[in-house]
Amino acid sequence: MRRLCTFLLAVLQLLLPLVLTGCWDSVELNRRAIVSGVAIDRGEGEKEKYVVSFQVIVAEEISGKNTRGISPVVLYTGKGRTMFEALANASRQTARFLSLGHVRVLVISEKLAREGIKDMLDVLERESDTRLTSLIFVAKGQPASELMSTMTVFSKIPANDLVEKLETTSKQFGYNFRMEVDDVIRGIQLRGGGPVINGVFTDGSREKADSNDNFKTIVPHAILKVSELAAFKDDKLKGWIKGDAALGTVLLHNKIKEYPVVISHPQGGYIAFNVYQSQVRLTVAAKDPEHPVFTVKISQQVSIKENANELNLISPATVVDLSSHVIKDTTRKIKDAIDTARKYNSDYLGFGEAMERENPQGWKKVMKHWEDIFADCEYKIEADAVIRHTDMRSNSFQVNP
């Protein structure tokens with residue numbers, strides 16, 4: 001009997017795969033419309049709350065074979081009470097299935113962001129075809145669909161151009177950094193805080209922005225620009241962060257790669273530095289959870305990029321003095337970042353997270369009124385900056401021997 005059972009089980013294991021073979025829901029590549037970017041705007045009324053525009057790649061124009069000289073992308077728009085309904089309505093306009101597996105950019109209009117974005121994020125997290133690694137932006141002062149319909153110079157696909165611009169500015173001289181859909185979802189779950197999302201807008205005229213004429217001149221008619229940071233409280237946009245406050249915010253998040261510092265020297269002229277390494281550590285003394293004391297420790301490595309006066313850069317005393325100017329500048333940026341977060345009544349800087357790690361039991365006591373504690377809590381900044389080198393030369397040629 002045991003041998004018979006073993007034999008029947010072996011036969012069943014051999015026959016079962018024959019029943020499961022085949023891809024029952026497969027869609028051939030030539031039946032797919034590859035979506036590279038999605039723009040979400042606020043419609044008029046609740047029946048058309050979501051106006052979703054899909055930037056679809058025209059494969060023939062990208063591959064270089066059998067081109068017809070038309071636009072490399074096309075925009076399809078659907079409206080609905082929910083994101084899924086808008087997607088269904090948009091699918092009626094195309095002869096192929098909208099494929100969301102390659103979406104690189106998601107742009108939300110400022111109007112919709114101020115109302116709240118948690119509902120639309122639910123479908124992005126729930127839908128199996130979408131990617132949580134897509135970059136997310138907020139369209140500053142204009143419809144999100146305009147950004148998806150702006151032709152660009154360095155990439156045939158506008159969504160790809162936006163991704164490359166963010167990567168460039170995050171590595172060189174900028175405070176913008178990669179913010180993916182998954183990061184935004186985690187930011188919304190922060191008690192008393194929210195996410196920080198990159199802003200983007202179109203600079204220039206919109207008349208020819210959506211055609212190939214936009215890059216047929218030396219000066220493009222319209223240019224996509226990564227702009228300020230959008231500060232959220234929970235899932236609602238509260239305001240924009242720019243300048244020193246934006247740099248301080250990204251420093252506290254440990255996301256910045258490098259950025260310029262320009263100071264006015266008492267001897268005249270400006271001195272430019274490049275901060276190419278920053279390490280920030282946020283600690284908290286939280287024995288009394290109602291009165292925590294936070295300490296921001298930041299260490300930086302700096303190089304001198306430009307010197308417009310006759311300072312002796314060989315002198316250690318001069319270098320130490322210049323370092324003190326960088327420290328003051330960094331301290332001011334972090335203070336501006338904290339003051340801005342308090343103005344928006346949102347702890348998107350992560351002070352509450354540090355509190356929870358240090359004193360989990362105390363955090364449970366204050367989490368429901370953390371906004372009030374964050375608004376008045378004490379903090380200290382301990383900054384240090386070291387000038388490592390002066391690049392290709394020490395003293396300027398302006399210094400007489």
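**Figure 1. Lining of the largest cavity in the predicted model.** Helix H3 supplies the largest share of the lining of the largest cavity, namely three residues. The model shown in this and the following views is predicted. The structure holds one cavity of 30 Å³ or more. The volume of the largest cavity is about 210 Å³. Its lining is made up of 16 residues, and those closest to the centre are Phe 54, Met 83, Leu 100, Leu 124 and Thr 130. Two or more lining residues come from each of three elements: strand S2 (50-57), helix H3 (83-91) and helix H5 (118-126). Sorted by class, the residues of this lining are twelve nonpolar, two polar and two charged.

**Figure 2. Strand S1 and the strands that pair with it.** Strand S1 covers residues 32-42, and nine of its eleven residues are buried, so the strand is largely enclosed by the rest of the structure. S1 runs antiparallel to S2, and seven bridges join the two strands. With strand S5 (residues 105-109), S1 runs parallel, and four bridges join this pair. S1 also pairs with strand S4 (residues 97-99) in the parallel sense, over three bridges. Val 38 can be used as a marker in this view: Val 38 stands opposite Phe 54 in S2, and Val 38 also stands opposite Leu 106 in S5. For the pairing with S4, Ile 34 stands opposite Ser 99. When looking at the side chains, note a general point: in a regular strand the side chains alternate between the two faces of the sheet. Phe 54, the S2 partner of Val 38, is also among the residues closest to the centre of the largest cavity.

**Figure 3. Lining of the largest pocket.** The largest pocket contains about 520 Å³ of space. Its lining has 21 residues, and the closest to the centre of the pocket are Leu 190, His 253, Lys 255, Tyr 348 and Glu 353. Helix H8 (181-188), strand S11 (270-285) and helix H11 are the elements that give two or more residues to this lining. H8 gives the most, with three residues. By class, the lining of the pocket has ten nonpolar, five polar and six charged residues.

**Figure 4. Surroundings of Ser 346.** Which two helices does the loop holding Ser 346 lie between? The loop lies between helix H10 (316-343) and helix H11 (351-358). Is Ser 346 buried or exposed? Ser 346 counts as buried because its relative accessibility is 1%, and the cut-off for buried is under 20%. With neighbours within four places in sequence left aside, Ser 346 is in contact with three glycines, Gly 192, Gly 193 and Gly 194. The other residues in contact with Ser 346 are Phe 232, Lys 233, Ala 341 and Phe 374.

**Figure 5. Salt bridge between Arg 178 and Glu 167.** The count for the structure comes to 19 salt bridges. One of them joins Arg 178 to Glu 167, with the closest N and O atoms 3.7 Å apart. Arg 178 lies in the loop between helix H7 (158-171) and H8, and Glu 167 lies in H7, so the pair ties together parts that are eleven residues apart in sequence. Arg 178 is partly exposed, with a relative accessible area of 36%. Glu 167 is likewise partly exposed, with a relative accessible area of 31%.

**Figure 6. Salt-bridge network that includes residues of helix H10.** Arg 332 forms a salt bridge with Asp 244, and the closest N and O atoms are 3.2 Å apart. Arg 332 lies in helix H10 and Asp 244 in helix H9 (residues 243-252), so this pair ties together parts that are 88 residues apart in sequence. Arg 332 counts as partly exposed, at 38% relative accessibility, and Asp 244 counts as partly exposed at 27%. In the second pair, the side chains of Lys 333 and Asp 329 meet in a salt bridge with an N to O distance of 2.4 Å. Both residues of the Lys 333 and Asp 329 pair lie in H10, four residues apart, which is about one turn of the helix. Lys 333 and Asp 329 are both buried. Salt bridges that share partners join Asp 244, Asp 329, Arg 332 and Lys 333 into one network.

Terms used: Residues are numbered from 1 along each chain as its sequence is written. This is a predicted model: local features need pLDDT of at least 70, side-chain atom pairs count only at pLDDT 80 or more; totals for chains, interfaces and linings use all residues. Side-chain values use heavy atoms; hydrogens and water are left out. Buried means under 20% relative accessible area, exposed over 50%, partly exposed in between (1.4 Å probe, protein chains only). Contact means heavy atoms within 4.5 Å. On a 1 Å grid over the protein atoms alone, a cavity is a set of points where a 1.4 Å probe fits but cannot get out, and a pocket is an open set with protein on both sides within 12 Å along at least five of seven lines; lining residues have an atom within 4 Å of a point. Grid points are joined across faces, edges and corners, and a volume is the space filled by probe spheres set on the points. Ala, Val, Leu, Ile, Met, Phe, Trp, Tyr, Cys and Pro count as nonpolar, Asp, Glu, Lys and Arg as charged, and the others, Gly among them, as polar. Two strands pair if DSSP finds at least two bridges between them. A salt bridge is a side-chain nitrogen of Lys or Arg within 4 Å of a carboxyl oxygen of Asp or Glu.
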